[in-house]
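This briefing introduces one protein model to a reader who is new to structural description. Please consult the sequence and the structure while reading the points below.

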Amino acid sequence: MIPELDFPGGKVGYTSEMKFIPESSSRRIPCYRVLDEDGRIIPDSDFIPVSEKLAVRMYEQMATLQVMDHIFYEAQRQGRISFYLTSVGEEAINIASAAALSPDDVVLPQYREPGVLLWRGFTLEEFANQCFGNKADYGKGRQMPIHYGSNRLNYFTISSPIATQLPQAAGVGYSLKMDKKNACAVTFIGDGGTSEGDFHAGLNFAAVMEAPVVFICRNNGWAISTHISEQFRSDGIVVKGQAYGIRSIRVDGNDALAVYSTVRSAREMAVTEQRPVLIEMMTYRVGHHSTSDDSTKYRAADEIQYWKMSRNPVNRFRKWVEDNGWWSEEDESKLRSNARKQLLQAIQAAEKWEKQPLTELFNDVYDVKPKNLEEQELGLKELVKKQPQDYPPGFHV
Amino acid sequence: MLGILRQRAIDGGLAASTLRRTRFALVSARSYAAGAKEMTVRDALNSAIDEEMSADPKVFVMGEEVGQYQGAYKITKGLLEKYGPERVYDTPITEAGFTGIGVGAAYAGLKPVVEFMTFNFSMQAIDHIINSAAKSNYMSAGQINVPIVFRGPNGAAAGVGAQHSQCYAAWYASVPGLKVLAPYSAEDARGLLKAAIRDPDPVVFLENELLYGESFPISEEALDSSFCLPIGKAKIEREGKDVTIVTFSKMVGFALKAAEKLAEEGISAEVINLRSIRPLDRATINASVRKTSRLVTVEEGFPQHGVCAEICASVVEESFSYLDAPVERIAGADVPMPYAANLERLALPQIEDIVRASKRACYRSK
């Protein structure tokens, strides 16, 4: 019988052997995967089967995301938009996670998850409009590119400060819990973002509140130029789950089937057991951090090439889908050329679309526009009318 | 002069009979009924939260010690028993955490009332208040609104030192997207807090620890559960014609006492209680200065970039030709708050400072 002591927090056994828990385990937490690198299901894998219809849709969206990233990135390089951020290498994380959720699940993204929005129905035109900040942008030109959001699709507008979405997700989860909804909050964070104080606050709180939240950490190895070896000294992020009393799992983020199964299961646990769950998805950030970054300055070009070519999640899933007879070379070229054409058209249209009128400068600061802003708006309108030469041609009042 | 009053039952079922001292009622505010009803600011805040929680199931309270402990300053007393732990939530010690959670809950449609034990601690959460709460409605083009109230004691208390005494009115009031309120009396506390909780925008509600225990006369109208004060409207606490004294929170009491002293010397001071720092009621302030031609502004906070600086700028811009004297600004000393009682007194505006400044404005002294 192990002797026990009573302390606040419950009974704990004691030992007279002074033993420190080592800083790391002899074996790293293994990574869950279903598909091997050649796109074949590993024998005896646990996974949730995916129908042909779902698999084809997932693949199409992963490929579309690739095309979208490529074309918007080029548009920025051409000076047509001011900024862009790609998800290259993380297409499986984006699409397979989204496919595993219900549309009522509320998503609080970091910023490298446009695929979730794409899956839910945001059109290429809507993405283009936000990047150009034109009159059709739902964000009314208020935010820089890639800061998309959609109330209708339950995807919160992207916010730049890192990790603020984590305690907010706990709050959303708490709200869903109080309303007894069959839904959970799902929030994304990168490896770097887990260093923020909000990571601690968000996870700790969600556990204490027993809130239905799925925390997904995209461990892609790099936080701009900071490699994970300089970000933390733990075995990644999955080991932190238990520190908060949160069930956790590590998964191969480049394996679409594994990601799908994991997120489906985590979501069920979160909703039926009313608890948070942590998923660490291992992957690699193939692209630069953003268009403001040139990652060849801090990492080897052949490292990037290796991941891009040999560990590509889109190619891997494609092999599986093709092996099942659900996809062909012809389907591939048709999809890619259609996506490309649609994107180029969307960009051309978005670029030509007029920008927001001046009144949008003053709206939405508050629910109801206050008097001082009404006065300022009138003053500005009069000024533009009086001095049109000081304002760009076609400037809309 | 000091009587003992029996506390009345307040709409909403707060029942605790307590002894009260009458406040020597110099405040002859016009809205007060002739009745002898009085209420402390603490009870005013408590009843306001209670009534709003009763009326709207989406309203909930969150903060350190708000539940079982009945509130660090007892503002949330009795609420846990009445509404249960889901709606009166004791948080772990993480301002960043519970502020973020409150914002997230507000995004999802709840109406959190988040308590900071003091606004000094809100700095650990200020990113959520500014970058998430204040700016979300604008950045999301109206898709994400944040009906949240951040409340707690602000500014100097008594002998609590530098990290517990700063006034954050100027910091928060400089941010578009936030509304910032500062009650003085019990009526202010009730009416403004109810308005804040009902408001769809994020509101920073700056209370004062030393005012919690102070009793004020309160009208029947203010005791009604539907009572609400408009946000953005200042109150003329005392009418006058020689000099306008503008201030908020505890300094309103000091300004009124100063006005009494000035009256003895033949100077009729008009005292304006801002009630709302953002939006600032520039119209009322300027109308008053155009009447009196003289301005004295008072705040406990640091002088540089303070609330008084904004008021002076507004008056100089809009009513320059009406001024008969330079604008006077009284603020706390430009030092972190010292602890020793004598030093603390020197670091904060006193009634004599207000009297002197008013007399200067009236050319009655140097």
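Helices and strands are named here as DSSP runs, a helix having at least four residues and a strand at least two, and they are numbered from the N terminus. The model is a predicted one. The points below treat chain A, then chain B, and then the nonpolar cores.

**Chain A: the annotated domain**

- The UniProt record, an unreviewed entry, lists residues 60-356 of chain A as "domain: Dehydrogenase E1 component".
- Within residues 60-356 of chain A, helix accounts for 47% and strand for 11%. The C-alpha atoms at the two ends of this span are 33 Å apart.

**Chain A: an open sheet**

- In chain A, an open sheet is formed by 5 strands in the order β3-β4-β5-β9-β8, with parallel pairing.
- At the edges of this sheet are β3 (106-108) and β8 (247-252) of chain A, each of which pairs on one side only.
- On average, neighbouring strands of the sheet are turned by 20 degrees against each other, direction ignored.
- In general, the strands of a sheet pair through backbone hydrogen bonds, in either a parallel or an antiparallel manner.
- The edge strand β8(A) is joined by 6 bridges to strand β9 (residues 277-282) of chain A, and the two run parallel. Within this pair, Asp252(A) has Met282(A) in β9(A) as its bridge partner.
- Helix α5 (residues 165-178) of chain A lies across three strands of chain A, namely β3, β4 (185-190) and β5 (213-219). Its direction is at about 170 degrees to β4(A).

**Chain B: overall composition**

- Chain B contains 12 helices and 16 strands.
- Chain B has 366 residues, of which 60% count as buried.
- Considering contacts in chain B between residues at least 6 apart in sequence, 79% join residues at least 24 apart.
- The UniProt record, again an unreviewed entry, places "domain: Transketolase-like pyrimidine-binding" at residues 39-214 of chain B.
- Residues 39-214 of chain B are 37% helix and 16% strand, and the end C-alpha atoms of the span lie 8 Å apart.

**Chain B: strand β7 and helix α8**

- Strand β7 (residues 149-153) of chain B is mostly covered, with 5 of its 5 residues buried.
- Strand β6 (residues 111-115) of chain B runs parallel to β7(B) and is joined to it by 3 bridges. The bridge partner of Val114(B) in β7(B) is Phe150(B).
- Helix α8 (residues 250-264) of chain B has 15 residues, so at 1.5 Å a residue it should span 21 Å; the end C-alpha atoms are 22 Å apart, which agrees.
- The buried residues of α8(B) include Met251(B), Phe254(B), Leu256(B) and Leu262(B). Among the elements that cover the buried residues of α8(B) are β11 (235-238), β13 (269-273) and α12 (351-361) of chain B.
- After α8(B) comes Gly266(B), whose phi is positive, near 85 degrees.

**Nonpolar cores**

- The largest nonpolar core has 77 residues, and those touching the most other members are Phe150(B), Tyr172(B), Val204(B) and Leu274(B).
- The element that gives the most to this core is α5(A), with 7 residues.
- Another core, of 75 residues, lies apart from it and includes Ala55(A), Phe83(A), Phe122(A) and Cys131(A).
- Leaving aside residues up to four places away in sequence, Tyr172(B) touches several residues, including Phe119(B), Ile126(B), Leu178(B) and Val204(B).

Technical notes. Residues numbered from 1 in each chain as written. Chains lettered and ligands numbered in written order. Predicted model: local features only at pLDDT ≥ 70, side-chain atom pairs only at ≥ 80, totals over all residues. Heavy atoms only, no water. UniProt positions renumbered as here; feature names shortened; annotations may be inferred. Pairing = 2+ DSSP bridges. Axes fitted to C-alpha atoms, helices over the stretch in contact; angles between N-to-C directions. Contact = heavy atoms within 4.5 Å. Expected span 1.5 Å × (residues − 1). Buried < 20%, exposed > 50% of the residue type's maximum accessible area, 1.4 Å probe, protein only. Core = buried A, V, L, I, M, F, W, Y, C linked by side-chain atoms within 4.5 Å.
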